[in-house]
Amino acid sequence: MSNTTTPRTYERFPLARRIEHLIMLLSFTTLGLTGLPQKFPDARLSIAFVNLLGGIESLRTIHHFAAMVMMLGTAWHIIVFGYLGYVRRTRLSMLPSLQDMKDGWRALLYNIGLANSPPQMGRYTFEEKLEYWAFVWGAIVMGATGFMMWNPITTAKFLPGEVIPAAKAAHGGEAVLAVLAIIIWHMYGVHIKRFNKSMWTGQMTEGEMLHEHPLELADIKAGMADQPLDPAALRKRQRVYFPIAIVLTLFMLGGVYGFVNAEDTALTTIERQVPTVEVFVPQTPTPAPTQTPTLPPTETPVPTQTAVDSTPSTPSSTLTWDGAISALLQPTCGACHGASALGGLNLSTYADVMRGGASGPVIIPGDSTNSLLVAKQLAGGHPGQLTPEEIAQIIEWIDAGALEK
Amino acid sequence: MSNWINAHRSQFGLAGLALGIFLLLVLMSLPATPVAAAPQAQGDKPTDETCLACHQQAGMTVQIGGQPLPLTIDAGVFSASVHGTEAIACVDCHTNITGFPHPAVTASSPRDFSLELYPVCQQCHTEQYEKVLDSVHQRALAAGNTNAAVCTDCHNPHTQARLTNKDTGKLLLGARLVIPQTCAKCHNAIYETYKGSVHGAALTQEGNQYVPTCIDCHGVHNIGDPTSNTFRNSTPYLCANCHTNETLMKQYGISTNVLSTYVSDFHGTTVKMFEENYPDQPTNKPVCTDCHGVHDILKVDHPDAGIAFKRNLLVKCQQCHPDATAETFTDSWMSHYEPSPDVFPLVYYVNLFYKFFIPAVLGGMILFVLTDVYRRFALRRAHAKGGTHK
């Protein structure tokens, strides 16, 4: 190649094919990036990526959108494929054949030094066919299982419910396979082995053609590649194909629409049913501390205190212990000088009163002046202080002999 | 000089006395700090004996705002209580009582009296008191709901037995049994529901102390809002605290893979990723309680409502998927099962297929790529050799 004239190039991919590739490239990458984090939710990377895309719900929306784009791309591919095959009568050079097996085997033998020349291949090498048909297989599996996950209720109407988790398992397994296959096979074959730019430029040089597609080059040189078409026959086939293509397109668009819209409930955010619970249902009217021991509590703690009869005692006309004095003393004095007998003094019964306390008798019948109880009360400031009227009654009672009855 | 001092000694004495009185007045005017160690019983403060002389009289009450406030203390019960055994004196809590007559009651009702008094608990129980400040109860109280529980509603200070080990702080055996009953004082409807649940029945009927009581889910003292998004989103981890514990679950023969199977399923994956990124935002994907219930959790094989039965599970599915009418739809969720040849065999075999298919395909590809790399290097070396010879 010493001459400076530009080497002859051959068109490998027309623009439409390159756009198709770009659509698949973008949708596949998006699907992989938004799908794998869902398969590996425990990974920190997944969580960070999901956060980057605005959360799991928005990640799923992006995933669904990319799936729709890929489905539309596939539909477009089918229409074009039909046109090329039926109308243009292009050779179906992507179809796999026994020769591809032989080529692959020979390439392997050549690589390890057991064959002295590589296989001579045509427009599509066995590597390219492998990738293409792997993509077809993947698209079918991912499409079918994706539908089941996207529309589980519809699916469960026709198939056992178990297919939905099975679809999820297959979708995830296939995704891992597809992404890794692209990284290994496609990256090596098209980017690392030799940076093949033909999917972007659409062109290949004669040297590249000779090296990678020698049989196709030979066909082109022999004038077999571009057989002129009979215009009349072409138009006839177009007239047949276009209506079919329109129907097929509508059918496939309907399919995509159905795929995306078959059901709603599993996707849209419906109001969550929150059970309402009566929170404050006290066992006792007020949550006042009860006097029952906390351990062990009773089944339904109830106030154990009964309010004492606090109605004021009516002064009796008969000034005796039983008649009025007992009732007069109890409310004021009983708290301390009751059963607890503070200072040894218990004012509960007539006998107790007359016995007195630690300081001796408190009542001296007939002598109120020397009765200790009267002296204490008259001094004032006693914790249980009687009113002057009450003291007067006591004095009257003592001076009258401090009778019991 | 010394003469001068001697001559004025009496004057210095007077000045010293004046200074002393001044300092005393300053000290008295300083605000009393509420957070302090338990006050020392001082000589002039009433002893428990003095208080009990009156307050162990049966039937003592005082009317506050027309409602009776019981005033009787059972000395025996008090001395057996944790405060009694720790020798906490009456006036340590009833700090305003210095003798008789007592200062006038300012509270307008017995409830108001409790609300006025409970902050003294923080003198000793600072940690718990501060936790409570973050709780729903305190928030409700601040919002004006005087029924909201304060310290003394759950822990009657005169009768409360020791609940935790003094050294380790762990709940004592037996303490767990009374927790639901304590909460039931105010939340009785929930308690009645809980008693019928698998957890509550085990606790109340069998005395099983390993089942969750109220505080295991709601916390204690710093009880959060159980209706919040944060609480709901963290539910799977809450339940997993016990349900992934091998030792605990072994006793009932329950699987411990409930969390892993949940997270690996669609709903769980969503909630997990959601919880990680937006813990306080609502999600409509189900958590444990949406299918299993909250206070009314039943055994899954409960004959009437156990969700191991498809007809019962479908009802749960329909909460979010009202259009799902086929019982087979329930199989789209694997009910915490790991797929096996017996359970969900289709899922098992799909997984098995990919377990071999992925390495086979990728392995083949890698092998071919490696031979291609080898050939390229071999060719280059051959070229290089040829070049030097020429």
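1. Helices and strands here are DSSP runs, with at least four residues for a helix and at least two for a strand, numbered from the N terminus. On that basis chain A comes to 15 helices and two strands. Keep in mind that this is a predicted model.

2. Chain A, overall. The chain has 405 residues, and 25% of them count as buried. Take the contacts in chain A with a separation of 6 or more: 62% of them are between residues 24 or more positions apart.

3. Arg89(A). Please look at the backbone here. Phi is positive, about 55 degrees, and the residue is not a glycine. Arg89(A) sits in a loop of chain A, with helix H3 (56-87) on one side and helix H4 (98-111) on the other. Is Arg89(A) buried or exposed? Arg89(A) is partly exposed, because 14 other C-beta atoms lie within 10 Å, and partly exposed is the class between 12 or fewer and 20 or more.

4. His336(B). Chain B has a case to check as well. The phi of His336(B) is positive, near 65 degrees, and this residue is also something other than glycine. The loop that holds His336(B) runs between helix H21 (310-320) and helix H22 (345-389) of chain B. His336(B) has 17 C-beta neighbours inside 10 Å, so it counts as partly exposed.

5. Pro101(B). Check the peptide bond that leads into this proline. From Phe100(B) to Pro101(B) the bond is cis, and omega is near 0 degrees. Pro101(B) belongs to a loop of chain B, between helix H6 (90-93) and helix H7 (110-117).

6. Domains of chain B. The assignment gives domain 1 (38-148), domain 2 (163-223) and domain 3 (342-379). How far apart are the centres of domain 1 and domain 3 of chain B? Taken over C-alpha atoms, the separation is 76 Å.

7. Glu276(B). This residue is part of helix H19 of chain B, which covers residues 266-277. Glu276(B) has 19 other C-beta atoms within 10 Å and is therefore partly exposed; the cut-off for buried is 20 or more. The pair Glu276(B) and Tyr348(B) is worth a look too. In sequence they are 72 residues apart. In space, C-alpha to C-alpha, Glu276(B) and Tyr348(B) are 29 Å apart.

Technical notes. Residues numbered from 1 in each chain as written. Chains lettered and ligands numbered in written order. Predicted model: local features only at pLDDT ≥ 70, side-chain atom pairs only at ≥ 80, totals over all residues. Domains from an automatic or database assignment. Contact = placed C-beta atoms within 7 Å.
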